[in-house]
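Q: Hi, I have a few minutes and a new model to look at. Could you walk me through it?

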Amino acid sequence: MAVVRYRRIIIDKFSLTFIFHQRFSSFTSNSTAHPTAAPAAINPARLRRVCTVLYQQQNSPDPRLHSKLRACNFNLSHEFFLRVCNTFPLSWRPVYRFFQFTETDPNFTHTAVSFNKMIDVAGNSRNIGLLWVLIQEAGRRRLVTDKTFVIALRTLAAARELKKCVEFFHLMDGYGFGYSLVTLNKVVEKLCSCKLVDEAKFLVFKLKEWIKPDGVTYKWLIKGFCEVGDLIEASKLWNFMVDEGFEPDMEAVEEMMNALFKTNKPDEALKLFQAVRSNRMNDLIPSTYSLVNKWLCNKGKVRQAYVVFDEMHKRGLETDNSAHSSLIYGLLARGRRREGYRIMERIENPDLGVYHALIKGLLRLRRANEATQVFREMIERGCEPIMHTYVMLLQGHLGKRGRRGFDPLVNFDTIFVGGLVKNGQSLEATKYVERMMKRGVEVPRFDYNKFLHYYSNEEGVVMFREVGNRLREAGLVDLADIFQRYGEKMATRDRRRNRATVSSVI
């Protein structure tokens with residue numbers, strides 16, 4: 001059983017209990033825009049020639065390489081230097097040799113942008129020695145920016161150079177770039193987004209004497225640990241944050257709730273939601289309600305979902321389509337079809353997610369014909385279906401194992417095997433046929449994704465038209481409409497790209 005104590009999270013391997021502070025801090029980031037001049041035109045032939053020389057002569061002595069580069073007769077500019085770096089994004093030697101060549105030109109001066117690009121190339125090639133040299137050089141030239149911190153520390157953390165991560169901040173302080181909490185938060189955010197959460201936590205706690213973390217720092221750490229599924233560590237950080245007097249941000253709250261739902265701890269997630277409702281109702285935002293609404297509907301708790309949904313309306317919050325779609329599917333899953341349609345009628349601009357929820361719910365109620373009518377209506381209202389829409393409808397009409405019959409145009413086993421053979425998948429076709437022959441023991445599941453994929457060509461356009469006509473003759477109008485629509489709009493790559501604007505004629 002979970003133990004509730006004031007203001008703290010008691011966490012062990014078996015239980016999670018959350019009691020939260022009242023106020024929640026907001027995060028604001030200040031970004032400085034640097035004006036950039038219009039880049040000069042680059043001669044592609046000269047650029048190609050320079051890159052060829054750098055690649056072929058990268059191990060040559062400096063005099064030979066420099067003479068070859070001067071013979072290329074190119075106009076050295078910052079844009080040209082960046083284009084060279086982009087040509088070798090994972091190879092440090094050509095870029096560094098070109099950097100050494102640019103140092104011999106008295107009319108060319110490197111900027112923070114060019115240094116950051118070079119540091120990025122060195123980091124991508126995992127040349128930690130060169131990376132450290134370039135960092136020190138950038139510090140001496142006073143060309144270090146927040147982006148330099150992010151690029152360098154991302155590489156050092158990925159290489160598990162944790163001592164150098166801490167030393168980097170001390171080194172920059174020695175060059176006049178003082179300890180900055182804003183910079184640290186940007187670094188922590190980037191590390192957490194790259195799944196380097198343990199490294200980010202190590203950096204924060206090692207620098208705690210010089211840079212005191214704030215609520216934003218803890219927010220990124222908590223979000224990072226939630227995303228990697230380590231709720232125990234996330235809860236420990238929550239305790240640190242509360243003990244130091246900081247208040248959790250709503251983004252961190254939502255991440256914690258989402259992680260609890262995903263790890264099958266819905267009761268703990270709802271306790272967290274109730275704590276926020278009772279203490280800081282004004283901090284709740286639509287995305288928080290949508291998250292809770294979605295998971296309540298997935299668990300079949302439609303009555304509680306209605307309470308959450310009505311509370312959003314009473315507070316005047318805008319209910320997005322994700323909240324509507326979750327509630328529609330939850331109602332249909334419980335057999336409350338009329339209520340689901342009633343909510344659908346109140347939506348002014350339903351999107352694809354709303355239609356998918358309605359179609360999925362109707363198919364669950366074995367109302368495939370009604371789901372096909374919704375499919376027609378969504379097309380009439382300008383909402384274009386995607387591959388998942390067709391797969392859902394075909395499974396609803398034909399079942400998960402497909403339709404079998406004597407007519408080869410209606411027997412989807414035959415169509416599927418023929419598509420495998422035509423696409424050179426003979427071995428897979430043979431395995432599928434062998435499983436079909438053992439129906440008494442093992443009935444294979446029909447793969448509609450592969451079926452549609454293998455016929456995504458001009459042959460498929462003709463096939464879908466013919467199958468649609470045969471199905472219509474057999475009285476299967478709904479299936480005919482699905483197949484013919486797929487052939488018209490989705491059967492080839494060009495048709496899929498232009499399905500929203502171009503009406504193709506077969």
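Q: To start, what relative accessibility does cysteine 194 have, and how does it count?
A: Cysteine 194 has 32% relative accessibility, so it counts as partly exposed. The scale runs like this: buried is under 20% relative accessible area, exposed is over 50%, and partly exposed is in between, with a 1.4 Å probe and protein chains only.

Q: What ground rules should I keep in mind?
A: This is a predicted model, where local features need pLDDT (the predictor's confidence in each residue, from 0 to 100) of at least 70, side-chain atom pairs count only at pLDDT 80 or more, and totals for chains, interfaces and linings use all residues. Residues are numbered from 1 along each chain as its sequence is written, and side-chain values use heavy atoms, with hydrogens and water left out.

Q: Back to cysteine 194: why is there no bond to the closest cysteine sulfur?
A: That closest sulfur belongs to cysteine 192 and is 9.3 Å away, too far for a bond. A disulfide here is a pair of cysteine sulfur atoms within 2.5 Å, and the count comes to zero.

Q: And cysteine 226, buried or exposed?
A: Cysteine 226 counts as buried, at 7% relative accessibility.

Q: Okay, zooming out. How many helices and strands are there?
A: The chain comes to 27 helices and two strands. These are DSSP runs numbered from the N terminus: H or I over at least four residues for a helix, E over at least two for a strand. Of the 506 residues in the chain, 48% are buried.

Q: What share of the contacts reaches far along the sequence?
A: Taking contacts between residues at least 6 apart in sequence, 65% join residues at least 24 apart. A contact means heavy atoms within 4.5 Å.

Q: Which repeats does UniProt place here?
A: An unreviewed UniProt entry places "repeat: PPR" at residues 214-248, 285-319 and 351-385. Its positions are given in the numbering used here, feature names are shortened, and annotations may be inferred rather than shown by experiment. Residues 214-248 are 74% helix and 0% strand, with end C-alpha atoms 10 Å apart. Residues 351-385 also come to 74% helix and 0% strand, with 10 Å between the end C-alpha atoms.

Q: What does helix 20 pack against?
A: The buried residues of helix 20 pack against helix 18 (337-346), helix 19 (352-364), helix 21 (387-398) and helix 26. Those buried residues are Ala368, Glu370, Ala371, Thr372, Val374, Phe375 and Met378. Just after helix 20, glycine 382 takes a positive phi of about 85°.

Q: You mentioned helix 26. How many of its residues are buried?
A: 11 of its 13 residues are buried, so helix 26 is largely enclosed by the rest of the structure. Among them are Asp478, Asp481, Arg485 and Lys489.

Q: What span should helix 26 have, and what does the model give?
A: Helix 26 (residues 477-489) should span 18 Å, and its end C-alpha atoms are 18 Å apart, which agrees. The expected span is 1.5 Å times one less than the number of residues.

Q: Now the aromatics. How many pairs are there?
A: The structure holds 19 aromatic pairs. Rings of Phe, Tyr and Trp (its six-membered ring) pair if their centres lie within 6.5 Å; planes under 30 degrees apart count as stacked, over 60 as edge-to-face and the rest as tilted. In one of the pairs, phenylalanine 80 and phenylalanine 98 have ring centres 6.4 Å apart and planes at 45°, so this pair is tilted. Phenylalanine 80 lies in helix 3 (residues 78-87) and phenylalanine 98 in helix 4 (residues 92-102), so the pair ties together parts 18 residues apart in sequence.

Q: What about phenylalanine 81 with phenylalanine 98?
A: That pair is stacked, at 5.8 Å centre to centre and 20° between the planes. Phenylalanine 81 is in helix 3 and phenylalanine 98 in helix 4, so parts 17 residues apart in sequence are tied together. Phenylalanine 81 counts as buried at 0% relative accessibility.

Q: Which residues form the cluster?
A: Phe74, Phe80, Phe81, Phe98, Phe101 and Phe108 form one aromatic cluster.

Q: Last one: where is pLDDT under 50?
A: It stays under 50 over residues 404-410, for which the model has 15 contacts beyond four places in sequence. Residues 502-506 are also below 50, with 10 contacts beyond near neighbours in sequence. The mean pLDDT of the chain is 78, and 79% of its residues reach 70 or more.
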